[in-house]
Amino acid sequence: MKILGIETSCDETAAAVVEDGVSILSNQIASQVEIHARYGGIVPEVASRQHILAIIPILKQAMAEAKVTWSDLDGIAVTIGPGLAGSLLVGVNAAKAIALAHGLPITGVNHLEGHIYANWLVEHSSDSAPIFPLVCLIVSGGHSDLVLMKGHSNYVVLGRTRDDASGEAFDKAARILGLGYPGGPAIERAARSGTASIQLPRAWLKGTYDFSFSGVKTALLRLVEEGKVSSKVDAAASFQEAVVDVLVSKTVAVAKECRVKQILLAGGVAANKVLHQRLVKNSPIPVLVPKPVLCTDNAAMIAACGYYRFQAGKIDSLDLDVVPGLKLV
Ligand code: KG4
Ligand code: ZN
C-alpha cells in the first residue's frame, strides 16, 4: 500500500511516499527556517504564503523521487492539526484536490500521532519495530507529552507540560543567550564546547508526570540580566542538562511504573543527541528514536500514521477540515 503524506502544520512544507507504513520511497522537505530566522520565530502569515509557493514543487519532487505516478498511490494522508490554521489549510486543500482528481481515499492525521509513527519508519530490514505496550515521550516546539500506547491509535496521556513545551524552552533559552533560531540545535551545538557548571532549577512536580520548563528559562534570564553568565557555552550546557535531566527521569519512572516493553522518543527535541544518549544510559527498558531528519517535521511520519489509519478503516470525506487545536485524545 503506497501512501502520499502531506505536512504543512508549521514552517516546513513536506511531502513523502511511504510503502506499507514502514518503507520510505521519498521524503521531501522545504524548510522556511531562514525566512523566519530574521524575525526570531515563526510569522504565521509568512508561513502560509510560503506553503502556497512550495507545495506543488514539493509534491512533484516527492512523486519523482519515489518514481510513482498518481495511479500507483493507494491513499493520501494529510496533517489536519495541531498547528497554524493558515498553514494547515494549504496542505489539506492540496490533499483534497489530489484525492478528488484521482479518486483516492483521504485520511486526516494528528501531527503528534505522526511524530510517534516516525518510529515505525525503517531503512534497513534489521531495524526493530516498536513493541506494545510502550511509553512515548513527545517533545516538540508545542508539546511535551508522556503517552502510554497499548496498541495502534490507543493513547493514554500520562503527563504533559503545564507551561512551556521543551522545544519552546530551548528556543527561548537560545534567544536569551543570543544563539539564534531555531534554538534547539543552537543550544545543542553551543553546549558541546561547554560544561554544565551553572546550577539551574528543575521543576519535579512530584506525584505527577507533568512537566514545567518556564522556571528554568526564567532562572537563566535572571542570571543573564544580572550579568552572572560569563560563558554562553556553559550556560547552554547547563540549560540543556536541566531540561534533559527532568525529561529522562520522568520518562524512565513512568515506563517502569507502566511495565512497558519499550520507550519511544518523538518530535523535534528528540533530535537532541544528549537527550537520546542519557535516556539510553539511564533506562533499563530499550529505547527507540527516529533518525534526526524524521524527528523534526516531515511528511513520511504522516504517511506512516496514515497507513495504520487506512488499515483501521479511518477514511475521511472531502469536507475534512483543519483543527488547529487538535488534541491527541
Ligand atoms: O517537531 P518539530 O520539528 O515541530 C513542532 O511540531 O513543533 O519541533 C521543533 C522544535 C523546536 O522548538 C526546535 O528548537 C526543537 O524542536 N529542536 C531541538 C533540536 N532540534 C530541534 N531541540 C533540542 N535539540 C535539538 N537538536
Ligand atoms: Zn512537529
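The following exercises, with worked solutions, concern a predicted model and its ligand 1.

**Exercise 1.** Determine which residues and elements surround ligand 1, and of what character the shell is.

*Solution.* Begin with the count: the shell around ligand 1 comprises 19 residues. The closest of these are His-115, Gly-141, Asp-171, Gly-184 and Glu-188. Next, sort the shell by residue class, which gives 12 polar, four nonpolar and three charged residues. Then consider the location of ligand 1, which sits in the largest pocket. Two or more shell residues come from each of α4 (111–117), α5 (166–176) and α6 (183–191). The largest contribution is that of α6, with four residues.

**Exercise 2.** Identify polar atoms of the protein that lie close to polar atoms of ligand 1, and state how much of ligand 1 the protein buries.

*Solution.* Take the side chains first. In Asp-171, a side-chain N or O atom is 2.7 Å from an oxygen atom of ligand 1. In Asn-272, a polar side-chain atom lies 3.0 Å from a nitrogen atom of the ligand. Turn then to the backbone: a polar backbone atom of Asp-297 is 3.1 Å from an oxygen atom of ligand 1. Finally, ligand 1 taken alone exposes 550 Å², of which the protein buries 88%.

**Exercise 3.** Classify the ring pair formed by Trp-120 and Phe-132.

*Solution.* A search of the whole structure yields seven aromatic pairs. For Trp-120 and Phe-132, the ring centres are 5.8 Å apart and the planes stand at 35°, so the pair is tilted. To place the pair in the chain, note that Trp-120 and Phe-132 both belong to the loop between α4 and β6 (134–139), 12 residues apart.

Key:
Residues numbered from 1 in each chain as written. Chains lettered and ligands numbered in written order. Predicted model: local features only at pLDDT ≥ 70, side-chain atom pairs only at ≥ 80, totals over all residues. Heavy atoms only, no water. Near = heavy atom within 4 Å. Polar contact = N/O pair within 3.5 Å; in protein donor to acceptor, adjacent residues only side chain to side chain. Areas by Shrake-Rupley, 256 points an atom, 1.4 Å probe, with all protein chains shown as cover. 1 Å grid on protein atoms, 1.4 Å probe; cavity = no way out; pocket = protein on both sides within 12 Å on 5 of 7 lines; lining within 4 Å. Sits in = over half its atoms within 2 Å of the grid points. Nonpolar A, V, L, I, M, F, W, Y, C, P; charged D, E, K, R; others polar. Phe/Tyr/Trp six-rings, centres within 6.5 Å; stacked < 30°, edge-to-face > 60°.
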